[in-house]
Amino acid sequence: MAGANTIYGAGMLELGMTFSSAQLLIDNDIIQMVRKAVLGIEVSEETLSLDAIKKVGIGKDFLALKQTRDLIDLPSAPLLINRLMRGDWERAGSKDLATVAQEKADEIVKTHEVLPIDKDILKEMESVLKKADKAAISA
């Protein structure tokens, strides 16, 4: 939040000696929330909504206003971090973040399909490799 624009070590445990796909997913949620927070809060005539405050009145319900609904921007939309109320979380199984992250990592490994490399790009990559091989042989 002090101006850093790179977060190092996502997914790492034990000072980088171990990598965890579950930890990577947890770190991804945290990084997304930090990036959203760093953007700050827009302050403008529209977001201050002084006309709406005058119209509705202080202490009254602003949720019915279209302007309020249009301006709602949730702080973040984490993939794993659960924002349910405790009772709802308990009814949903009470899974802790580490369990949810590991289940999601397992799901990704099971269902992810690697897209084939475009033929033109593959041809160009092979050309680069051939040039590198020739350069290595002649060196």
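How many residues apart are E90 and R86 in helix α5? They lie 4 residues apart, which means about one helical turn separates them. The views below come from a predicted model.

**View 1. E90 and R86 form a salt bridge within helix α5.** The two side chains meet at 3.1 Å, N to O. Helix α5 covers residues 86-91. E90 is partly exposed, at 41% relative accessibility. R86 is exposed, with a relative accessible area of 59%.

**View 2. D88 and R91 form a salt bridge in helix α5.** Here the N to O distance is 2.6 Å. The partners sit 3 residues apart in the helix, so about one helical turn lies between them. D88 is partly exposed, with 34% relative accessibility. R91 reaches 66% and counts as exposed, because the cut-off for that class is over 50%.

**View 3. K95 pairs with E103 in a salt bridge.** The closest N and O atoms are 2.9 Å apart. K95 is partly exposed, with a relative accessible area of 41%. E103 is also partly exposed; its relative accessible area is 38%. A search of the whole structure gives 5 salt bridges, and the pair K95 and E103 is one of them.

**View 4. Helices α1 and α6 cross at roughly 110°.** Helix α1 spans residues 21-39, and helix α6 spans residues 97-111. Their axes come within 8 Å. Two packed helices are described by the angle between their axes and the distance between the axes. How are α1 and α6 oriented to each other, roughly parallel or roughly perpendicular? They are roughly perpendicular, because angles of 65 to 115 degrees fall in that class.

**View 5. Residues from α1 and α6 meet at the helix contact.** From α1 come S21, A22, L25 and I26. From α6 come L97, A98, A101, Q102, K104, A105 and I108. By type, the residues of this contact divide into 8 nonpolar, 2 polar and 1 charged.

**View 6. The largest nonpolar core has 6 residues.** Its members are A22, L25, I26, L80, A101 and A105. Which elements give two or more residues to this core? They are α1 and α6. The largest share, 3 residues, comes from α1.

**View 7. L25 touches residues that lie beyond its sequence neighbours.** With residues up to four places away in sequence left out, its contacts are L80, A101, K104, A105 and I108. L25 belongs to the largest nonpolar core, as do L80, A101 and A105. L25 also takes part in the contact of α1 with α6, where K104 and I108 are among the α6 residues.

**View 8. L63 sits in the loop between α3 and α4.** Helix α3 covers 50-56, and helix α4 covers 66-71. Is L63 buried or exposed? L63 is exposed, with a relative accessible area of 60%. Leaving aside neighbours within four places in sequence, L63 is in contact with T68 and R69. L63 and V43 are 20 residues apart along the chain, and their C-alpha atoms are separated by 19 Å.

Conventions. Residues are numbered from 1 along each chain as its sequence is written. This is a predicted model: local features need pLDDT of at least 70, side-chain atom pairs count only at pLDDT 80 or more; totals for chains, interfaces and linings use all residues. Side-chain values use heavy atoms; hydrogens and water are left out. Axes are lines fitted to C-alpha atoms, for helices over the stretch in contact, and angles run from 0 to 180 degrees between N-to-C directions. Angles under 35 degrees count as roughly parallel, over 145 as roughly antiparallel, 65 to 115 as roughly perpendicular and the rest as oblique. Contact means heavy atoms within 4.5 Å. Ala, Val, Leu, Ile, Met, Phe, Trp, Tyr, Cys and Pro count as nonpolar, Asp, Glu, Lys and Arg as charged, and the others, Gly among them, as polar. A nonpolar core is a set of buried Ala, Val, Leu, Ile, Met, Phe, Trp, Tyr and Cys residues joined through side-chain atoms within 4.5 Å. Buried means under 20% relative accessible area, exposed over 50%, partly exposed in between (1.4 Å probe, protein chains only). A salt bridge is a side-chain nitrogen of Lys or Arg within 4 Å of a carboxyl oxygen of Asp or Glu.
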